[in-house]
Amino acid sequence: MEQSVQGSADPFGESRAPARQRAAEPAGRPDAGPPGARGEHTHGGEHTHGEPPVPRPRAAVRRSSVRGQILDALRTALVAGELRPGEVYSAPALGERFGVSATPVREAMQQLTLEGAVEVVPNRGFRVVRRGARELAELAEVRALLEAPVVLRLARTVPAERWAELRPLAEETVRAASSGCPAAYAETDRAFHGAVLALAGNAQLVRMAEDVHRRSQWPLAGGPARHRSTDLMADAAEHTALLDALIAHDLDVVRNLVGDHFAGAA
């Protein structure tokens, strides 16, 4: 059973009352002020007194922001292993954990369902998908097919100063790896690879590659062993070495590093 959200306040500054309570509130007098201040009852977006509904863009943006923040939080929990493969989690329970109602959690979980991270369990919630080594190897192969040819092409055409602009992103991956936090590293890792691919000027490529990259970062069913600090540091070191080779225009080293990097991703 879902928890009651009566009188609850979420951490993003909204206080929510149940829909039945809002519907029961009396309509204000016609001279009680503007429609938004009178609390007049609406139904299906239509005003009971015939006036056109008052646009409320701030509320729409705020709800979208909540849903987006919950989605980011759930993705982080997946990478960190806090949401364990094979376990079922209900939207009300997760909503209580994040201090919000179940609705934005369900919406975020539906997005994760589309991404293949979780699956719906009727009348129970969402199960984190169990993933094996073969799936991880397949994702690494797809990433290599998408990214490696682009990086090799860019290595021949992009000037050294453009590659040098990516130095802070590469260094950020090193700092995140040294922290030992897999979720922090995953975010910086995607940011670096996305910035490299963005130099190709193909937004669709960047979007597709990021989706595959994100999927490859979810933990295996056997646990997040591949997220050991030493593994993260080795992966981050390849970023800085690759950037050095790209700046030096050393195509042979670039080719070897790109091959090793995606082979290691498996």
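Author: Before we start, a word on terms: two strands count as paired if DSSP finds at least two bridges between them. The model we're looking at is predicted.

Reader: Fine. Which residue of strand 7 does Y89 stand opposite?
Author: Strand 5 (88-89) is an edge strand, pairing on one side only. It runs antiparallel to strand 7, with 2 bridges between them. At Y89, the residue standing opposite in strand 7 is F126.

Reader: In what order do the 3 strands of that open sheet sit?
Author: Strand 5 and strand 6 are the edge strands, each pairing on one side only. Strand 7 has antiparallel bridges to strand 5 and also to strand 6. That puts the order at 5-7-6.

Reader: And on the other side, what is the bridge partner of E119 in strand 7?
Author: Strand 6 covers residues 118-121 and strand 7 covers 125-128, and the two run antiparallel. They're joined by 4 bridges. In strand 7, E119 has as its bridge partner R127.

Reader: Which residue in the turn of the hairpin has a positive phi?
Author: The hairpin is made by strand 6 and strand 7, with 3 residues between them. Most residues other than glycine have a negative phi. The exception here has a phi near 65° without being a glycine, and its relative accessible area of 86% is over the 50% mark, so it counts as exposed. The residue is N123.

Reader: How exposed is H249, the other one with a positive phi?
Author: H249 follows helix 11, in the loop leading to helix 12. Its phi is about 60°, and again it isn't a glycine. Its relative accessible area is 43%, between the 20% and 50% cut-offs, so H249 counts as partly exposed.

Reader: Let's get to the inside. Which element gives the most to the largest nonpolar core?
Author: That core has 25 residues, and I70, L74, L83, M109 and L112 touch the most other members. Two or more residues each come from helix 3 (57-80), helix 4 (91-98), helix 5 (102-115), strand 7 and helix 9. With 7 residues, the top contributor is helix 3.

Reader: Leaving aside neighbours within four places, what is M109 in contact with?
Author: M109 is among the residues that touch the most other members of the largest core. One of its contacts is F126, the residue opposite Y89 in the sheet. Leaving neighbours within four places aside, the full set is L74, L94, V118 and F126.

Reader: How many residues does the other core have?
Author: It lies apart from the largest one. Its members include L154, L205, A209 and V258, and L154 is also on the buried list of helix 6. The count for this core is 23 residues.

Reader: Is V100 buried or exposed?
Author: V100 sits in the loop between helix 4 and helix 5. Its C-alpha is 9.8 Å from that of R67, 33 residues away in sequence. With a relative accessible area of 5%, which is under the 20% cut-off, V100 is buried.

Reader: Where does helix 6 bend?
Author: Helix 6 takes in residues 133-157, and at 1.5 Å a residue its 25 residues should span 36 Å. Its end C-alpha atoms are 36 Å apart, which agrees. There is still a bend of about 30°, and it falls at A144.

Reader: What covers the buried residues of helix 6?
Author: The buried set includes nonpolar residues such as L136, L139 and V151, and also R143 and E147. The cover includes helix 7 (160-164), helix 9 (182-198), helix 10 (203-216), helix 11 (229-248) and helix 12 (251-264).

Reader: How far does helix 11 reach from its first C-alpha to its last?
Author: Helix 11 has its own buried residues, among them D235, H239 and L242. Their cover includes helix 6, helix 7, helix 8 (167-179), helix 9 and helix 12. For its 20 residues, 28 Å is expected, and close to that, helix 11 reaches 29 Å.

Reader: Last one: what share of the 266 residues counts as buried?
Author: The chain comes to 12 helices and 7 strands. Its accessible surface is about 14,600 Å², with 54% belonging to carbon and sulfur atoms. Among contacts with a separation of 6 or more, 66% link residues 24 or more positions apart. The buried share is 35%.

Conventions:
Residues are numbered from 1 along each chain as its sequence is written. This is a predicted model: local features need pLDDT of at least 70, side-chain atom pairs count only at pLDDT 80 or more; totals for chains, interfaces and linings use all residues. Side-chain values use heavy atoms; hydrogens and water are left out. The expected span of a helix is 1.5 Å times one less than its number of residues. The bend at a residue is the angle between axes fitted to the seven residues ending there and the seven starting there. Buried means under 20% relative accessible area, exposed over 50%, partly exposed in between (1.4 Å probe, protein chains only). Contact means heavy atoms within 4.5 Å. Accessible areas come from the Shrake-Rupley method with a 1.4 Å probe; for residues, only the protein chains shown count as cover. A nonpolar core is a set of buried Ala, Val, Leu, Ile, Met, Phe, Trp, Tyr and Cys residues joined through side-chain atoms within 4.5 Å.
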